[in-house]
Amino acid sequence: MLQTRITPPREIESPTRESASLEQTISSAVALIGRQYPVMIFVMCLCIGLAGVYLLTAPKRYTGTAVLLIDSRKMQGLQTQAPAGGDSPIDSAMVDSQVEVLRSETIAASVIKDLHLLDSPEFTGNERGLLSSVSDLFSWMFPESRPSEAALMRIAIGKLTSNLSIKRVGLSYVIEISYQSLSPDQAARVANAVAEGYIVDSLESKYQASRRAAVWLQDRLKELRAQASAAERAVADYKEKNNIVDAGGRLLTEQQLAEINSSLTVARAQRAEAQAKLERITAILNADDNDSNVILNDLATVGETMANPVITKLRQTYLDYAAKQADWSSRYGPSHLAVVNLRNQMREIRHSITEELRRTAEVYKSDLAIAKAREESSQKSLNDTIALSNGTNQAQIALRDLDSNAQSARALSDNFLQLYMVSVQQQSFPITEARVITQASNAPNKTSPKTTLVLLATLIGGAILAGLVAVLLDMMDRVFRTVSQVEQLLHTSCIASIQAIGSEQSVGIAGHPLLSKAGRLFNRRPKRPQPVAPRPIGATAPGLPLRNSELGANHPQPHRDRLLTADNSVGRYVINSPFSRFAEGFRSIKLACDLSNYGSSNKVIGITSGLPNEGKSTISEALAQTVAQGGSRTLLIDGDIRNPSLTARLAPSAQAGLVDVVLGRLDWMDAVWIDPQTNLHFLPCVVTSRFSNSSDVLASPQMERLFQHLREHYDRIVLDLSPLAPVIDVRATGALADSYVLVIEWAKAKVDIVERVLNETPVVRERLLGVVLNKVNMAVMSRYDIYSAGYYRNRYYKRYGYID
């Protein structure tokens with residue numbers, strides 16, 4: 001019959017936590033540490049031990065540091081011209097390049113040779129250590145030949161570069177050179193030698209570059225000089241071939257053309273002047289002789305122009321006579337003899353002037369003809385020179401190309417000569433941009449191993465590793481440890497958590513220990529009165545057998561020889577210690593059985609487990625004792641036909657049992673045993689040989705009829721069944737049990753196994769009343785269930801008189 005179980009409060013859906021709070025995260029971390037602290041302590045101790053071994057065995061190393069400065073301004077005071085390579089200001093990439101040069105094998109090889117490091121055991125691999133001592137034990141098995149000089153050099157270079165550290169200080173031009181060695185003195189010597197080797201290498205590289213540049217420039221200079229001489233020779237030959245003569249830096253034809261042009265200009269000016277004078281004199285001669293004003297004015301102009309003293313004197317005499325003639329005419333009259341004489345004399349003077357002018361005109365005509373002849377001669381010379389110059393200009397075009405080539409060749413030759421002189425100067429004054437500003441000292445400066453750093457790293461790394469191991473182990477711990485875990489994974493309620501009552505001195509019965517300490521506590525009760533559990537009306541006191549009138553007419557009355565006497569059984573601990581948390585757990589199971597289906601019949605309770613030795617038989621016995629102690633008519637049946645461990649514990653002397661009753665060999669009342677203290681009835685299972693068809697017996701009609709008859713005589717029947725995983729007997733009990741209780745061993749039962757057996761046994765899953773966590777270590781369980789940790793504290797139970 002399908003039974004509906006009570007849903008406990010924990011199964012009520014709660015709001016989903018979207019993200020764990022800080023308090024929950026911290027609580028989870030603390031709980032994880034509490035669960036896995038032994039492993040974490042072991043991992044931490046292991047890491048600290050390894051660190052200690054490393055600190056004790058690792059060789060001490062010392063570091064020497066030299067500081068180098070790259071400064072190109074040192075060369076500016078000694079160089080007047082840029083060097084052949086054109087050194088530019090040092091930039092960041094240049095400094096980084098110098099750092100790589102310091103790491104180069106060339107510097108390393110020079111340092112090894114200068115310091116004779118091939119003789120040092122540190123560089124040849126002959127230093128003695130733990131690993132080398134161990135390897136010497138097996139060296140006879142693998143004989144090795146002595147390495148060559150080149151191989152030793154390669155080994156030394158590798159070790160030097162591996163211990164050498166070159167770094168740039170920030171964005172400055174300062175470079176730190178650090179070297180680690182087993183000796184502080186050698187560390188300082190190598191660091192200083194690297195710095196000096198870099199400077200020497202820089203000087204050597206500059207010298208070699210300058211020398212190669214000088215040799216190349218010298219060869220090139222010879223070629224350029226030859227080319228310049230050839231070009232100049234070609235210019236001279238061309239001038240000679242084309243009759244091109246220079247005079248004062250100018251061609252002769254050009255100079256002649258300029259002189260002829262100047263002469264022509266002068267001749268033209270003279271001709272124009274002579275012609276102007278002639279035309280003026282001719283104009284005067286053609287004027288009216290009686291026109292005294294024209295004569296006087298023109299003569300004045302001509303006289304000043306020609307500077308003729310005769311004409312000037314005659315004109316002056318004429319003017320004197322004219323003045324007298326005017327004066328006398330006004331005095332004596334125009335017809336006076338003296339006035340007339342003066343007029344005659346004035347006429348003679350004008351005639352003389354005219355004759356002088358004609359003679360002068362003839363002179364001007366002669367000068368004009370000479371000027372014209374001179375102009376024509378200059379013009380003819382100019383035309384001839386221009387014709388000659390035109391022919392020279394054609395040749396001068398090619399001459400200019402030859403002259404330009406000659407000048408370029410000569411300038412290039414001069415430039416290379418200058419570079420050659422600078423290169424020779426650099427060879428005489430080799431200067432480097434680097435200088436050592438701090439020498440490495442041989443003072444002890446231990447850098448390896450750094451004890452504080454190693455210990456700090458060990459603590460941090462060990463803590464992280466321990467945490468990872470703890471998380472990994474916690475993730476791999478796929479067992480049931482908390483009530484909430486049972487409810488979330490199995491989707492059912494956990495009706496009780498049964499505490500393990502044996503941890504030190506125990507006797508194992510059906511997989512559950514017996515606490516000898518608890519037995520001692522029970523045997524020596526305190527003298528003060530102890531609380532007594534209430535019993536129903538009409539029930540006898542615990543420890544006394546029921547009377548026939550109290551059992552009823554239909555209740556079986558077992559024989560007095562079939563009495564349960566297993567006082568040392570763990571199941572009786574609920575009777576011996578009724579105020580323990582162990583007994584409280586079974587009262588929780590009893591209450592869940594009583595309240596299931598809200599009062600409907602739930603008489604037969606099947607107790608099973610996933611695997612053997614999880615304590616299901618002990619749970620069955622203790623639950624039956626708890627129910628019987630309450631006054632109910634209770635029957636405990638050992639239904640594990642394959643392995644009747646409950647019978648072996650409670651009635652080892654039984655001769656007949658469940659199988660005999662089903663087979664009809666005897667009446668069931670003749671097979672029932674009784675506990676005289678609680679009046680619990682027990683139907684054992686006695687088998688004389690191994691059963692292969694136990695499931696058929698459990699599913700038989702005779703078994704079903706037996707259980708129907710037992711339901712009429714008992715209020716509660718506790719059926720101890722076989723485990724689910726090894727055998728299939730539980731699947732055949734669907735007609736026998738009303739509900740099932742699954743016993744899970746705390747911290748042992750695998751989640752996957754329990755889920756699988758429940759899926760394979762649907763009758764148990766459908767009628768599952770709940771799960772019982774058995775053998776729970778409450779102290780450890782509180783570390784796993786961070787939300788209910790306080791629930792498991794003993795001090796809450798002690799206030800109500802419970803003891804453990």
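I count a contact when heavy atoms lie within 4.5 Å. The model I am reading is predicted.

**Helix 13 and helix 23**

I looked up where these two helices meet. Gln485, Leu489 and Leu490 of helix 13 are in contact with Val751, Val754, Glu755 and Leu758 of helix 23. Sorted by class, this contact holds five nonpolar residues, one polar and one charged. I then took the geometry. Two packed helices are described by the angle between their axes and the distance between the axes. The axes of helix 13 (residues 483–490) and helix 23 (residues 751–760) come within 11 Å and cross at roughly 45°. I therefore note helix 13 as oblique to helix 23. I logged the crossing of helix 13 past helix 23 as right-handed.

**The sheet**

I traced an open sheet of eight strands with mixed pairing, in the order 8-15-14-9-13-10-12-11. Strand 8 (494–499) and strand 11 (673–674) are at the edges with a single partner strand each, so each has one side without a neighbour in the sheet. Next I checked the pairing of strand 9 (residues 604–609) with strand 14 (residues 739–745): the two run parallel and are joined by five bridges. For the register, I found Ile605 opposite Ser739 of strand 14.

**Thr458**

I located Thr458 in helix 12 (residues 451–476). Is Thr458 buried or exposed? Its relative accessible area is 13%, and the cut-off for buried is under 20%, so I entered Thr458 as buried. Leaving out residues up to four places away in sequence, I listed Cys47, Ile48, Ala51 and Ala463 as touching Thr458.

How values were computed:
Residues numbered from 1 in each chain as written. Predicted model: local features only at pLDDT ≥ 70, side-chain atom pairs only at ≥ 80, totals over all residues. Heavy atoms only, no water. Helix = DSSP H or I, 4+ residues; strand = E, 2+ residues; numbered from the N terminus. Buried < 20%, exposed > 50% of the residue type's maximum accessible area, 1.4 Å probe, protein only. Pairing = 2+ DSSP bridges. Axes fitted to C-alpha atoms, helices over the stretch in contact; angles between N-to-C directions. Parallel < 35°, antiparallel > 145°, perpendicular 65-115°, else oblique. Left-handed = near helix turned anticlockwise from the far one by under 90°. Nonpolar A, V, L, I, M, F, W, Y, C, P; charged D, E, K, R; others polar.
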